[in-house]
Amino acid sequence: MAVTRRELLTGGAAGAAGLIVGGVIGRAVGGGDGGGGAGLSGDVQQVADARGLTAEEVRKAVKSFVPPGKPDLDEFLLFSSGGHGGQILVIGVPSMRLYKVIGMFTPEPWQGFGYGADWGEAVLDEGTTEAGTPYSRARGKLTWADTHHPALSETNGEYDGRWVYINDRANGRLAMADLRDFKVKQIVDVPNLQSSHGGAFVTPNTEYVHISSMTPTLVKTENIDKALDNFKDAFRGYSSFLAVDQKTGRVDLSRSFQVELPPYTQDLADAGKLVSYGWAFINSYNAEMATGGNLEGKEPLEVGASQRDFDYLHVINWKKAEELVAAGRYTTKNGMKVIPLEVAAKEGVLYLVPEPRSPHGVDVAPNGEYICVSGKLDPHATVYSFTKLKEAIEKQDFEDKDVYGVPIVRYDAVVAARVELGAGPLHTQFDDKGYAYTSLFLESAVAKWSLGEPYFSGDQAFKLVEKLPIHYNIGHLVVMEGDTVKPAGKYLVALNKWSIDRFPVVGTLKPQNFQLVDLTGEKMEIIADMPITAAEPHYVQGIRIDRIKAWEVYPPGTNPLTMEPDPNAVKEGEERIERKGNTVEVWATVKRSNFKPDIIRAKKGDKVVIHLTNVETTPDATHGFAIPRYNINVSLDPGEATTVEFVADTQGAFAYYCTEFCSALHLEMQGWLLVS
Ligand code: K7E
Ligand code: CUA
């Protein structure tokens with residue numbers, strides 16, 4: 001927003017922001033603007049004094065302040081992982097206001113996700129299959145996840161605002177939400193993965209969404225008691241390229257494939273872009289293949305996994321992998337096409353590159369040339385050059401093969417730089433000016449450093465330029481659109497695991513802390529804290545708000561699962577109840593302020609099917625449909641059609657009601673289910 005100097009002085013169009021800037025700042029810098037500003041600055045000064053705020057604090061507050069009625073002042077939306085809460089959090093930048101919690105893997109009662117509506121039940125059922133592994137139904141339906149890495153869909157390497165994906169680190173699954181209605185449409189139980197970390201990322205045109213195993217998967221099921229002694233043969237990792245249907249955003253497993261990997265612990269991953277288009281990169285640790293066993297006379301896992309000086313960056317040529325799949329060079333495993341490890345190693349699909357001790361993050365720079373890796377136990381960021389990597393691969397400049405025969409590219413041939421940053425570097429993001437920003441977990445800081453050509457050259461390249469202390473223990477960080485080919489820069493958000501003294505004490509579990517950092521000034525500057533209370537967030541992506549074209553209402557009678565007209569949607573006047581055998585089927589409309597029909601009669605043991613259509617066309621006119629004691633709780637946004645199905649196994653008179661305060665007669669919006 002452009003605020004003119006005149007507006008600042010007169011407190012005109014800029015409203016509160018203008019008053020504060022014109023007042024307090026004017027005074028703080030010793031000038032004061034005199035005239036119209038003087039009286040106003042007095043007011044603001046009084047407020048600041050009364051609240052114990054310094055001019056500096058007020059100046060920072062104004063940078064992120066979004067006044068009532070001016071939502072357009074938020075320029076970006078963050079899509080944040082919701083950690084083991086299993087959701088995605090949607091947050092405005094710079095306001096740092098939470099706008100939405102999208103239930104992805106975890107039922108969400110307000111949105112009626114997972115409490116009887118066919119859309120949510122279908123999604124949760126799909127995510128709890130037995131197709132891939134025997135794990136999913138170990139203890140019944142899976143209703144939680146540990147979400148780590150959201151991935152917004154891309155076109156030509158830029159966010160396109162169509163879909164968002166996120167992985168389930170705990171259970172090796174992937175979920176997708178449609179950004180037309182911000183609702184989850186699919187949970188994929190990815191075959192051959194037990195857990196996942198490398199992903200989600202999308203390839204530059206969302207051809208694929210990638211997810212790889214974290215802890216390798218057991219593949220030899222005989223003699224499981226001895227499996228850990230035979231780790232090298234009994235376990236494998238998998239890099240999954242899940243093909244995306246360009247119309248719906250859904251994963252199509254029939255067109256998807258996996259590349260089998262050695263049983264190192266594959267960690268984070270990123271997609272190549274521009275020069276490195278067609279390639280993907282996955283970190284690993286525990287190349288030692290340690291298994292723990294601290295009560296069985298062996299080293300604890302963390303000791304065993306930190307023996308070697310190098311682990312391996314996995315370099316995958318997914319274009320080549322596509323060709324092999326097309327040529328039938330795969331085996332089918334649990335319904336998934338898998339390129340076996342030997343084939344991947346021999347045919348140029350998989351290469352390894354040494355990377356220093358137990359790395360964590362791998363991030364590809366906007367031009368696709370630099371692949372930045374940082375290791376928890378090494379104070380440097382290691383920067384690989386894709387050009388050199390490609391040359392080394394072409395010249396077969398290998399230093400060795402691993403025990404599985406995978407070529408190991410010569411380290412010195414491909415490293416572009418090692419930049420000393422500080423203690424515990426984890427993740428890296430990029431801005432629009434050729435700088436990289438790396439989180440330093442142990443040091444609780446953000447390190448800003450310069451990339452090489454074409455951004456910086458000579459002694460200006462690969463140089464630490466600034467460090468910003470963070471509060472506290474930063475994990476991921478995000479620069480707006482900072483992992484696309486065209487970062488927006490402007491703001492950085494630090495995702496901090498601890499908040500210690502930043503917030504009021506609200507019990508023994510403390511909020512985590514998102515800190516908003518302004519990147520536009522000479523120095524980086526923290527301008528806001530945001531307590532995060534839903535779970536531990538991991539990664540976040542920030543997208544320009546104008547890229548998202550969300551609907552405010554559904555076209556009449558839309559089913560949110562298909563985003564198409566629901567065959568059982570009804571218009572007003574078409575409401576009816578039909579009984580066939582032991583099934584009572586109801587077609588109902590929902591609007592301010594009644595359900596029609598408002599009496600449904602069933603006999604104990606009947607199957608009851610209720611098709612509900614919210615016939616409203618007004619934005620915000622959402623209604624609920626809850627049946628007490630039947631564990632049914634549906635939310636119907638304007639235009640939405642959905643179906644609830646259950647067995648009337650408890651007799652009684654149940655007063656179903658609308659759960660959203662929708663009108664003056666909301667309390668009257670109720671009906672009876674009589675089960676006799
Ligand atoms: Cu570093 Cu899962 Cu991306 Cu957490 S991960 S921080
Ligand atoms: Cu509809 Cu309350």
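**Close-up 1. K226 and its neighbour D225 pair up in a salt bridge.** In this predicted model, K226 counts as partly exposed, at 44% relative accessibility. D225 counts as exposed, with a value of 70%. The side chains of D225 and K226 meet with N and O 3.9 Å apart. Elsewhere, salt bridges that share partners tie E56, R59, K63, D518 and E525 into one network. The full count for the model comes to 35 salt bridges.

**Close-up 2. Here R180 meets D178 in a salt bridge.** The closest N and O atoms of R180 and D178 sit 2.9 Å apart. R180 is partly exposed, at 28% relative accessibility. D178, on the other hand, is buried, at just 2%.

**Close-up 3. E640 and K183 form a salt bridge between distant parts of the chain.** N and O are 3.2 Å apart in this pair. E640 belongs to the loop between strand 42 (632-636) and strand 43 (641-647), while K183 lies in strand 7 (residues 183-189). That puts the two partners 457 residues apart. E640 counts as buried because its relative accessible area is 1%, and the cut-off for buried is under 20%. K183 is buried too, at 6% relative accessibility.

**Close-up 4. Ten or so names to look for: the shell around ligand 1 includes a run of histidines.** Look for H148, H149, H197, H360, H427, H476 and H538 around ligand 1, along with L268, G475 and K497. Strand 4 (147-155) and strand 29 (474-480) are the elements that give two or more residues to this shell. By type, the shell residues split into 8 polar, 1 nonpolar and 1 charged.

**Close-up 5. This view goes to the largest nonpolar core, which has 36 residues.** V259, I316 and I339 are the residues with the most contacts inside this core. Which residues is I339 in contact with, leaving aside its neighbours within four places in sequence? They are Q258, V259, E260, A321, L324, V325, R329, Y330 and A344. As general background, nonpolar side chains tend to be buried together in soluble globular proteins.

**Close-up 6. A second nonpolar core is separate from the largest one.** This core has 27 residues. Among them are V584, I600, I632 and L673, which make handy labels for finding the core in the structure.

How values were computed:
Residues are numbered from 1 along each chain as its sequence is written. Chains are lettered from A and ligands numbered from 1 in the order in which they are written. This is a predicted model: local features need pLDDT of at least 70, side-chain atom pairs count only at pLDDT 80 or more; totals for chains, interfaces and linings use all residues. Side-chain values use heavy atoms; hydrogens and water are left out. A residue is near a molecule or strand if one of its heavy atoms lies within 4 Å of it. Helices (H or I, at least four residues) and strands (E, at least two) are DSSP runs, numbered from the N terminus. Ala, Val, Leu, Ile, Met, Phe, Trp, Tyr, Cys and Pro count as nonpolar, Asp, Glu, Lys and Arg as charged, and the others, Gly among them, as polar. A salt bridge is a side-chain nitrogen of Lys or Arg within 4 Å of a carboxyl oxygen of Asp or Glu. Buried means under 20% relative accessible area, exposed over 50%, partly exposed in between (1.4 Å probe, protein chains only). A nonpolar core is a set of buried Ala, Val, Leu, Ile, Met, Phe, Trp, Tyr and Cys residues joined through side-chain atoms within 4.5 Å. Contact means heavy atoms within 4.5 Å.
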